[in-house]
Structure formats: C-alpha cells, structure tokens
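Below is a set of questions on how certain labels for this structure are justified. Each answer sets a value against the criterion behind the label.

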Amino acid sequence: MKVGMQIHYGTEDLQIVNPVVTIGSFDGVHKGHVQVIECLKRVARDLQGETVIISFEPHPREVLYPMEKRPGILTTLDEKVKILDAQGVEHLIILPFTRSLAELDFKEFVCDVLVDRIGIKGLVVGYDHRFGKNREGSFEKLKELAGKYHFYLEQEEAYEENQINISSTKIRNALQIGDINRVNEFLGYIYFLAGVVVSGDKIGRSMGFPTANIQLEDERKLLPASGVYAVKVYIGDDVYGGMLNIGVRPTVSCCGILRIEVNIFDFSEDIYGKKIRLALLARIRGEQKFEDTNELKQQLGRDQKKAEEYLAK
C-alpha cells in the first residue's frame, strides 16, 4: 500500500533512510522535472534509499528580484505538492528562501544542510543546475564534495522535445503570448487556475452568458495572455465545459481592471463562495473591443461554438 509523500518544513527531526536528494524550485513540475524525478527514483532504488526533493517558498525570484513586476509562478505550493506526490516522490523538504540562504556558499550548503542535517546518500542534479551564492555550485565542483563527504552524484541530461530544451522560463514565455497548446505540451498536463467564485456585475447574465468571477487562490499564479479560452470546469466532484475570459472587458468597462470570469455551459447553480478549478484546453481568440454589446453577444455565441468543438475532441 502506497504511503503519501511526507512534507517537511525545514530540516528538523528528519527520519529518512539513505536520502537521495535533488534540489530546485520545480515550478510547474514539467516534463524536464519529471525526467529528473525518474532519475532520482532510479538512484534511490540502487542505493536502497528514499527520494527527497528540496524546494523553496517563496520562489527565489521574489526574494532576489523584489522590484521585478509580478514574476508569477506556474504552480502554487499546494499544486506542487499534489503533482510531486502523484509522481511518487517520498519526501518534500520546503526551505524558506531568504536573503541569508541566497548568500550561503554552496560548500556550506552541502556541508551544513545536505550532509549534517539530512545525511545525504546521493545527489541528483539537472543538466544546468547550479546553487549557492552566485550560482557557484557547478557539477564539477560538486564532484569534489561528493568525494569528500562520500555521497553518490549524478547529473541528468537535458530533456528535449522536438529539439527544444523544456524549461519553466519557456513555459512562462508561452503563457504570456497565449500559446496554451505549447504550455500544455511542455508541462505534460493541462495548465490550470484555481480560486473562489466572487460576486461580479452580472453584465454577462444580461447578454445570456452568465459568468462566475474568479478570485485566484494565490495572486502570484501566472495568467495566460488576455483572451477567451476553452476550459474544463471542476466544482467539487463535478466537471463541466465552459469558456474563460481573461481581460479588462473593453466593450463593457472603462475601468481597466483585469477580470477572470468563466461561462459554464448548461449550468445555473449558485456557486458564490465555492472553490473552482479551470483546466485550460485552448485559446479561442485574443481580447477585442466591439462596437456594442449586440456585436459582443454575437461573438460570444461563436466563441461558445468553438469552445464546444475543443471540448468534444
């Protein structure tokens, strides 16, 4: 019987058998990350150990570049936990990412954290992974420490798809231009947004397309480019089809406030305050300004037809 992944906040009171470790943000837990996890599991079997991922909260960019405009994350911590658990990882150690941690020399990190506190038996790193102050902890330098502290070290090759190295940065870039097909292809699963249904101004209802307005669970979650998307809508155990609009609604509003709202097909229940999850299947079109609400209503009818076609695939 499979036991779920154990989550550790910090490195106190760890009881892990022959820990085999990999380190990183694992934002998105995309196909490249999955390849590293598969390597981690193989090495753990060979060393009769348990798999350990060390990750960070918040995302390091939020600490290192605080003035950067909303760097955005692909997966919230809760989402990351669920995905890593489904991948069969046995332990997730979450370290608070602080300035002092960023300033820690990689040798100190290996000695103090990996060797002394965790008791590392093996270390798996990605093809371009570096850690420690100024990213000085290269694979070549880690080799010296592996010999000194007697742990196994392996570097995983880059994951390529159609001769493209998959990375969280490439997925973020694809999201920002609305290329949801590429996003889902690189992730290996459908990108999703989660939040709570809040009250809106009911403009959609007056046009025959009532919408549920969504407040994200984590405002750091990266949104795709403004536009209309075909989505699957998860409310509790129920699944519906729908079309999602992300944007400032230039036809009906002049305030420029970004809204996330979904029209759920064949649905009329009151779901204010309920949690909702949206899986983004395809982008139907970008945001447009129409002459009037009649023209917008006609376009929404065409959007719904396209969304239904995507949902039927």
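Q: In which helix does V81 lie, and what makes V81 count as buried rather than exposed?
A: In this predicted model, V81 belongs to helix α3, residues 77-86. Its relative accessible area is 16%. Buried means under 20%, so V81 is buried.

Q: What does V81 touch, leaving out residues up to four places away in sequence?
A: V81 touches M5, I7 and L92. Contact here means heavy atoms within 4.5 Å. The C-alpha atoms of V81 and L92 are 7.9 Å apart, and the two residues are 11 apart in sequence.

Q: Why is K82 called buried or exposed?
A: K82 is found in helix α3. Its relative accessible area is 63%. Exposed means over 50%, so K82 is exposed. K82 and R277 are 195 residues apart in sequence, with 14 Å between their C-alpha atoms.

Q: How do you know that the length of α10 agrees with its number of residues?
A: Helix α10 runs over residues 293-312, which is 20 residues. At 1.5 Å a residue the expected span is 28 Å, and the end C-alpha atoms are 28 Å apart, so the two agree.

Q: Which residues of α10 are buried, and why are they said to be on the same side?
A: The buried residues of α10 are L296, Q299, L300, D303 and A307. They cover an arc of only 110° around the axis, and therefore they sit on the same side of α10. They pack against β11 (227-235), β12 (238-247) and β14 (275-286).

Q: What does the face of α10 turned away from its buried side carry?
A: That face carries the exposed residues N294, Q298, K305 and A312.

Q: In helix α7, which residues are buried, and what makes them line one face?
A: In α7, residues 168-176, the buried residues are S168, I171, R172, A174 and L175. Seen down the axis of α7, they fall within an arc of 160°, so they line one face of the helix. Their packing partners are α1 (31-46) and α8 (180-187).

Q: What is the phi of G178, and where is G178 relative to α7?
A: G178 comes just after α7 and takes a positive phi of about 80°.

Q: Where is N213 found, and why does N213 count as buried or exposed?
A: N213 is in strand β10, residues 212-216. Its relative accessibility is 7%. The cut-off for buried is under 20%, so N213 counts as buried.

Q: Which residues are in contact with N213, leaving aside its neighbours within four places in sequence?
A: The contacts of N213 are V196, V197, V198, G200, R259, I260 and E261.

Q: What makes the phi of D13 worth a remark, and is D13 buried or exposed?
A: Phi of D13 is near 55°, which is a positive value in a residue other than glycine. D13 is found in the loop between β1 (6-9) and β2 (19-23). With a relative accessible area of 75% against a cut-off of over 50%, D13 is exposed.

Q: What is the phi of D266, and why is D266 called buried or exposed?
A: D266 has a phi near 55°, a positive value in a residue other than glycine. The residue is in the loop between β13 (259-264) and β14. Its relative accessible area is 81%, exposed means over 50%, and so D266 is exposed.

Q: What is the omega of the peptide bond from E57 to P58, and is that bond cis or trans?
A: Omega is near 0°, and the bond from E57 to P58 is cis. P58 is found in the loop between β3 (50-57) and α2 (60-64).

Q: How many helices and strands are in the chain, and what share of the residues is buried?
A: The chain has 10 helices and 14 strands. Of its 313 residues, 49% count as buried.

Q: What share of contacts between residues at least 6 apart in sequence joins residues at least 24 apart?
A: That share is 75% in this chain.

Q: How many positive and negative side chains are there, and how far apart are the centres of the two sets?
A: There are 41 positive and 46 negative side chains, and the centres of the two sets lie 3 Å apart.

How values were computed. Residues numbered from 1 in each chain as written. Predicted model: local features only at pLDDT ≥ 70, side-chain atom pairs only at ≥ 80, totals over all residues. Heavy atoms only, no water. Helix = DSSP H or I, 4+ residues; strand = E, 2+ residues; numbered from the N terminus. Expected span 1.5 Å × (residues − 1). Buried < 20%, exposed > 50% of the residue type's maximum accessible area, 1.4 Å probe, protein only. Arc of directions from axis to C-beta. Lys, Arg positive; Asp, Glu negative; His and termini not counted. Charge placed at Lys NZ, Arg CZ, Asp CG, Glu CD.
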